[in-house]
Amino acid sequence: MFDKKTYQEAVSSLHASGEILREVHTMTHQIRKPFKLSRAIALAAVVAALCAAAAVAAVGFVRYENPTNMLQAFFGENVDSHEGIVEYNEYGKLITNMPAWERLPLDESVAQELVAPYLFAVGEQAVYGDYTLTVEAGLYDPAVGAGLLYYKVENPNGVSGYEVFPDGELWWPADAPVFAMTNAASRDYLDTASTTGTTLWLCTYFVTDFITDASNLQVSIGDGQNRLDMATVAVALPEDGGPASVELADGAITLSPIGIRIHAPALGLPVDSDIDQIVLHYADGSDYILEDEDAFVSNRTYGFLDMEQGAFIYTFNRIVDTTALASVTIEGSDYPLLTPPER
């Protein structure tokens with residue numbers, strides 16, 4: 001099981017040391033697979049490290065004109081559905097605890113209407129040795145404080161050193177020759193359809209609550225053994241606008257096509273433990289189970305708790321049609337959507 005006490009003790013003493021960064025990064029990916037939330041404190045060293053980054057480039061807001069591959073990779077059946085994985089090592093220790101997940105075909109009409117218009121092209125690069133990082137496109141929803149980044153890592157001699165979990169999540173182990181990362185709270189997934197031996201395509205679901213300036217998103221590539229040595233692309237983010245979002249429970253819940261933000265204190269929920277149940281209900285009677293610990297199901301791609309704000313933020317593994325929602329159930333309480341947005 002995920003040992004919160006061990007994890008919190010480790011990150012509470014975190015400093016911008018490359019060695020500690022590697023140790024904590026490896027630890028969290030080995031034991032956090034019960035899909036527990038990332039917490040703001042764990043990112044302190046990451047932000048400090050990025051302050052030393054080199055080769056920063058700016059980007060404007062130009063609509064991304066060819067979003068099909070990106071939308072399929074983020075929200076389609078790029079990863080197979082699974083009933084969940086529980087594994088123990090030879091000593092009986094739990095080493096993998098991944099709740100079931102379901103991936104659905106991309107609803108292209110909903111994607112084109114609710115998400116595609118907000119995807120912006122970036123096209124900026126950072127070079128580190130034989131590696132080139134190119135940020136292709138992004139999306140940001142200020143209402144939820146979450147977004148998407150689509151980028152690639154290329155090396156004519158081959159890209160190696162990364163690992164991929166069965167649900168598609170990608171990470172760079174401590175002994176990887178290079179690594180790629182953002183300065184936001186985030187999780188990376190592999191675009192298997194586009195990735196080759198020399199080009200690695202990454203789908204990043206990110207949350208900006210931990211970034212002091214939410215518009216200052218950075219994507220970096222660098223030395224896997226010295227994670228303070230890296231080259232960086234800066235990605236400007238819109239300060240307003242974004243996909244059509246809706247509010248429930250007098251604003252305590254904000255929900256967009258790509259994620260949900262829950263203000264726990266306003267709903268009478270604690271901020272020192274995870275939310276075990278979140279289910280989105282559509283007007284046609286169908287459901288999207290985002291999280292249900294009792295049923296051993298998790299269809300979120302990233303979860304983050306901003307302890308200062310008391311906000312839980314989750315990103316989705318499918319596009320949510322906010323015009324077709326009826327209500328959201330959180331920890332057994334149902335919150336109806338009184339005025340659904342129009343298409």
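A residue is called buried here when its relative accessible area is under 20%, exposed when that area is over 50%, and partly exposed in between, with a 1.4 Å probe and protein chains only. What you have open is a predicted model, in which local features need pLDDT of at least 70 and side-chain atom pairs count only at pLDDT 80 or more, while totals for chains, interfaces and linings use all residues. Residues are numbered from 1 along each chain as its sequence is written, and side-chain values use heavy atoms, with hydrogens and water left out.

**The whole chain**

Begin with the full chain, where 56% of the 343 residues count as buried. Coloured by secondary structure, the chain shows five helices and 24 strands; these are DSSP runs numbered from the N terminus, helices being H or I with at least four residues and strands being E with at least two. Contact means heavy atoms within 4.5 Å, and among contacts between residues at least 6 apart in sequence, 67% join residues at least 24 apart.

**Helix 4**

Select residues 68-75, which form helix 4, and find Met-70, Leu-71, Ala-73, Phe-74 and Phe-75, which are buried there. These residues are on the same side of helix 4, because they cover an arc of only 165° around the axis, the arc being that of the directions from the helix axis to the C-beta atoms. Now show what covers the buried residues of helix 4, including helix 5, strand 6 (131-141), strand 7 (146-154), strand 12 (199-207) and strand 22.

**Salt bridges**

A salt bridge is a side-chain nitrogen of Lys or Arg within 4 Å of a carboxyl oxygen of Asp or Glu, and the structure holds five of them. Select Lys-152 and Glu-154, which form one with their closest N and O atoms 3.9 Å apart; Lys-152 is buried at a relative accessible area of 18%, whereas Glu-154 is partly exposed at 25%.

Move next to Glu-291 and Arg-300, a salt bridge whose closest N and O atoms are 2.9 Å apart. Glu-291 is buried, with a relative accessible area of 6%, and Arg-300 also counts as buried, at 4%.

Then select Arg-318 and Glu-102, where the closest N and O atoms of the salt bridge are 4.0 Å apart. This pair links distant parts of the chain, 216 residues apart: Arg-318 is in the loop between strand 22 (311-316) and strand 23 (325-330), and Glu-102 is in the loop between strand 4 (94-98) and helix 5 (108-114). Arg-318 is buried at 7%, while Glu-102 is partly exposed at 39%.

**Pocket and cavity**

On a 1 Å grid over the protein atoms alone, a cavity is a set of points where a 1.4 Å probe fits but cannot get out, a pocket is an open set with protein on both sides within 12 Å along at least five of seven lines, and lining residues have an atom within 4 Å of a point.

Keep Arg-318 selected and add Leu-104, Asp-107, Tyr-282 and Ile-319: of the 16 residues that line the largest pocket, these five lie nearest its centre. About 290 Å³ of space lies in that pocket, a volume being the space filled by probe spheres set on the points, which are joined across faces, edges and corners.

Finally, return to Arg-300 and add Trp-101, Arg-103, Asp-167 and Asn-317, which are the closest to the centre of the second largest cavity among the 10 residues that line it. This cavity has a volume of about 80 Å³.
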